[in-house]
Amino acid sequence: MAHKLEKIVVMRSQLGRVRGTGAAHSGAHHWKAERVTAIALVPLTVWFVIAVLSHLGAEQPAIAAWAGRPWNAALLLALIAMTFHHMQLGLQVVWEDYIHGSMRRDAAILATKGACLLLGLIAAVAVLKLATVAH
Amino acid sequence: MPSTEAARECPTPMNDIRDALLVARDSQHGLIRRPVSPHIGIYRWPITMVASILNRATGIALSAGSLLLVWWLVAAASGPQEFATVQAFIASPIGLLMLLGWTASLFYHLFGGIRHLLWDAGTGFAKPSLNPVSWLVLALTFVATVLVWFAGYMALGV
């Protein structure tokens, strides 16, 4: 690297440069959240697939006892939170790509957020119920 | 007339208006056929294109499949009867088909997602690795799906 970098003149305030978000007023939050949830889901998914495989054909009491153990319940809750957050972020991008017209698009995104939140809460309540009942 | 001259030296056939509209001159004033953008209907899909759209398709499939996961958890928390209903549905032909699709989608999205994460980390963008890695993701999906279903088949002994 022989050549020296020239000083770049940026006509923006120092605060604006630090915020780094430009006219969109938001930065890479969505992108980062999608990646962070994806990274979390890699080990959680592998754990869940192995757990399900080792309980094939099990009756409800065995599944309930398994899901109720603190470690399993915590991992299930993490799986639920990461899955439905990641699902909301991913579906949002799909709607943004294919639905034209801001009203319909925003409505679809809001409906997806609501549905993902509710599904996640229902699943979490089910796990918490299993975790708090004595088996 | 310039048009007849053009027709004589034209490298591409001009049988209709569409052909004629595709004729242009290059920077050396020679006649050429304009390049056309890769339209899905006539363009051979590169494997990277397949891999890209499959990641989105499996993501949507998994979103639908998450309903099954929620139902399964709620049933497990509700009692033996409710749980037996879910298990019976999953064991039915349509339930098994859904579970097979869900398994394949899960593994594709998992391996494809790792491919995307590696790209995000700044590696694997070189042209020689793009096509093999796309095939690798498909192969891993197939192997993992077959392994899991074989393990399930052995465990249940059906």
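A salt bridge, as I use the term today, is a side-chain nitrogen of Lys or Arg within 4 Å of a carboxyl oxygen of Asp or Glu. Please keep in mind throughout that what we are looking at is a predicted model.

With that definition in hand, let me start where the two chains meet. Arg35(A) forms a salt bridge with Asp120(B), and the closest N and O atoms of this pair are 2.7 Å apart. The pair crosses between chains, running from Arg35(A) in helix α2 of chain A to Asp120(B) in helix α5 of chain B. Arg35(A) also forms a salt bridge with Glu34(A), where the closest N and O atoms are 3.1 Å apart, and in this way Glu34(A), Arg35(A) and Asp120(B) are linked in a network.

Are the members of this network buried or partly exposed? Since buried means under 20% relative accessible area, Glu34(A) counts as buried at 17%, and Arg35(A) is likewise buried at 18%, whereas Asp120(B), at 31%, counts as partly exposed.

Over all chains the structure holds four salt bridges, and another one of them joins the side chains of Asp19(B) and Arg33(B), at 3.7 Å from N to O. Asp19(B) lies in helix α2 of chain B and Arg33(B) in strand β2 of chain B, so this pair ties together parts that are 14 residues apart in sequence. Asp19(B) is buried, with a relative accessible area of 11%, while Arg33(B) is partly exposed, at 35%.

Let me now turn from charges to the nonpolar interior. In soluble globular proteins, nonpolar side chains tend to be buried together. In this model the largest nonpolar core has 44 residues, and those with the most contacts inside it are Phe48(A), Leu76(A), Phe84(A), Trp72(B), Leu73(B) and Phe107(B). Both chains supply elements that give two or more residues to this core, including α2 and α4 of chain A and α5 and α6 of chain B, but α3(B) gives the most, with nine residues.

Which residues does Trp72(B) touch, if we leave aside its neighbours within four places in sequence? Trp72(B) is in contact with Phe48(A) and Ile63(A) from chain A, and with Phe83(B), Val86(B), Gln87(B) and Ile90(B) from chain B.

This brings us to the aromatic pairs, of which a search of the whole structure finds six over all chains. In one of them, the rings of Trp47(A) and Trp66(A) have their centres 5.8 Å apart and their planes at 25 degrees, so the pair is stacked. Trp47(A) lies in helix α2 of chain A and Trp66(A) in helix α3 of chain A, so the two tie together parts that are 19 residues apart in sequence. Another pair, Trp72(B) and Phe83(B), is tilted, with 6.0 Å from centre to centre and 50 degrees between the planes. Both of these residues are buried, and ring pairs link them with Phe48(A) into a cluster.

Trp66(A) is among the buried residues of α3(A), as are Gln60(A) and Ile63(A). What covers those buried residues includes α2, α4 and α5 of chain A together with α3 and α4 of chain B.

Finally, let us look at the surface, where Leu117(A), Leu118(A), Leu121(A) and Ile122(A) form a nonpolar patch with about 390 Å² of accessible area together. Within this patch, Leu121(A) lies in helix α5 of chain A and is partly exposed, with a relative accessible area of 45%.

How values were computed:
Residues are numbered from 1 along each chain as its sequence is written. Chains are lettered from A and ligands numbered from 1 in the order in which they are written. This is a predicted model: local features need pLDDT of at least 70, side-chain atom pairs count only at pLDDT 80 or more; totals for chains, interfaces and linings use all residues. Side-chain values use heavy atoms; hydrogens and water are left out. A nonpolar core is a set of buried Ala, Val, Leu, Ile, Met, Phe, Trp, Tyr and Cys residues joined through side-chain atoms within 4.5 Å. Buried means under 20% relative accessible area, exposed over 50%, partly exposed in between (1.4 Å probe, protein chains only). Helices (H or I, at least four residues) and strands (E, at least two) are DSSP runs, numbered from the N terminus. Contact means heavy atoms within 4.5 Å. Patches are made of residues with over 30% relative accessible area and no salt bridge: like charges are joined within 9 Å, nonpolar side chains (Val, Leu, Ile, Met, Phe, Trp, Tyr) within 5 Å. Accessible areas come from the Shrake-Rupley method with a 1.4 Å probe; for residues, only the protein chains shown count as cover. Rings of Phe, Tyr and Trp (its six-membered ring) pair if their centres lie within 6.5 Å; planes under 30 degrees apart count as stacked, over 60 as edge-to-face and the rest as tilted.
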